[in-house]
Amino acid sequence: MTKKDTVLKAAKELFGELGYSGTTFKKIADRAGVAVGLLSHHYGNKEKLFRAAGFDVAERLTLALQDEVVQAENGFDAVYRFARRYLEFSVDPDEDFLVLIRCSPYSDLKTGEDRDAMVHKFVQIPVLLENCVARGVRDGSIPNLPVSETAAVVQCNLVGAVRTNLLTPYSPPSLYKEILNFISRALKAA
């Protein structure tokens, strides 16, 4: 792993653990075992490093979801695989998913150009899900439901489940299993 990669990994971990305001260049440099100046050299400033961290995780999530849905037999299977992989990714300690909660279109931290860049990066995920739902409606594995709205409802359930599981003390141990069951019951064609 290069020093730049080590810095990015440390940044993802700390931004996920401490949030934007709780993370400093010094903390990142200490965790990465590098000089503070190296962070500025590679990333410029904290805002750019924060965005790079979020983009990196979002890109890996998008690729994982694409790899998963391409194996689906039909549209319903694609939606189910998408949902399962999304949830699995969120709890994989190697994926640093928490940074996405801090660095996403769902965060109110972003404004202007930074927010536009985030939205552009993250739109790939709901578009992929919408394509899976559309496939299911076309092939009959999902009832004739409004595609965009159905995909949005599934996405909201996933985002809510992840936030509840990762950020609250009252998440039931079987939450992810129940979310997948709920999606199955709601979308499976009779």
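Which helix does Thr 150 lie in? Thr 150 lies in helix α9, which takes in residues 147-167. Before going on, I should say that what you have on the screen is a predicted model.

Staying with Thr 150 for a moment, is its side of the helix buried or exposed? Thr 150 counts as buried, because its relative accessibility is 10% and the cut-off for buried is under 20%. If we set aside residues up to four places away in sequence, Thr 150 touches Val 133, Leu 145 and Leu 187.

Now the record. UniProt, in an unreviewed entry, gives the annotation "domain: HTH tetR-type" for residues 1-61. In the model that span is 85% helix and 0% strand. The end C-alpha atoms of residues 1-61 lie 20 Å apart. The unreviewed UniProt entry also places a "DNA-binding region" at residues 24-43. Over residues 24-43 the chain is 80% helix and 0% strand, with 13 Å between the end C-alpha atoms. The annotations are the record's, and they may be inferred rather than shown by experiment.

Next, helix α4, residues 46-69, and one residue in it, Val 57. Val 57 is buried, because its relative accessible area is 0%. What does Val 57 contact, leaving aside neighbours within four places in sequence? The list is Lys 12, Phe 89, Glu 95, Asp 96, Phe 97, Val 99 and Leu 100. As for distance across the model, the C-alpha atoms of Val 57 and Asn 144 are separated by 33 Å, and these two residues are 87 apart along the chain.

One of those contacts of Val 57 is Asp 96, so let me take that residue next. Asp 96 sits in the loop between α5 and α6, the latter being residues 98-102. Asp 96 has a positive phi of about 55 degrees, although it is not a glycine. For background, most residues other than glycine have a negative phi. Asp 96 is also buried, since its relative accessible area is 10%.

That brings us to helix α5, residues 75-91. Why do we say its length agrees with expectation? At 1.5 Å a residue, the 17 residues should span 24 Å, and the end C-alpha atoms are 25 Å apart, which agrees. The helix is mostly covered, with 13 of its 17 residues buried.

At the start of α5, a side-chain oxygen of Asn 74 comes to within 3.1 Å of the backbone nitrogen of Phe 76. Asp 77, found in helix α5, makes a contact of its own: a polar atom of the Asp 77 side chain lies 3.0 Å from the backbone nitrogen of Glu 73. Asp 77 also touches Gln 71 and Ala 72, again not counting residues up to four places away in sequence. With a relative accessible area of 19%, Asp 77 is buried, given that the cut-off is under 20%.

Still in α5, the aromatics. How many aromatic pairs does a search of the whole structure find? The search finds 7. Among them is the stacked pair of Phe 82 and Tyr 86, at 6.3 Å centre to centre and with 20 degrees between the planes. Phe 82 and Tyr 86 are 4 residues apart in helix α5, so about one helical turn separates them. Phe 82 counts as buried because its relative accessibility is 0%. Tyr 86 is buried as well, with a relative accessible area of 5%. Phe 82, Tyr 86, Phe 89 and Phe 97 form one aromatic cluster. Two members of that cluster have come up already, since Phe 89 and Phe 97 are among the contacts of Val 57.

Last, the cysteines. How many disulfides does the count come to? The count comes to 0 disulfides. Cys 132 is in no disulfide, and the nearest cysteine sulfur, that of Cys 156, is 16 Å away. Going the other way, Cys 156 is in no disulfide either, its nearest cysteine sulfur being that of Cys 132. For a pair to count, the sulfur atoms would have to be within 2.5 Å. Cys 132 counts as buried because its relative accessibility is 5%, whereas Cys 156 counts as exposed at 56% relative accessibility.

Notes. Residues are numbered from 1 along each chain as its sequence is written. This is a predicted model: local features need pLDDT of at least 70, side-chain atom pairs count only at pLDDT 80 or more; totals for chains, interfaces and linings use all residues. Side-chain values use heavy atoms; hydrogens and water are left out. Helices (H or I, at least four residues) and strands (E, at least two) are DSSP runs, numbered from the N terminus. Buried means under 20% relative accessible area, exposed over 50%, partly exposed in between (1.4 Å probe, protein chains only). Contact means heavy atoms within 4.5 Å. The expected span of a helix is 1.5 Å times one less than its number of residues. A polar contact is a pair of N or O atoms within 3.5 Å; within protein, one must be able to donate a hydrogen and the other to accept it, and residues adjacent in sequence count only if both atoms are side-chain atoms. Rings of Phe, Tyr and Trp (its six-membered ring) pair if their centres lie within 6.5 Å; planes under 30 degrees apart count as stacked, over 60 as edge-to-face and the rest as tilted.
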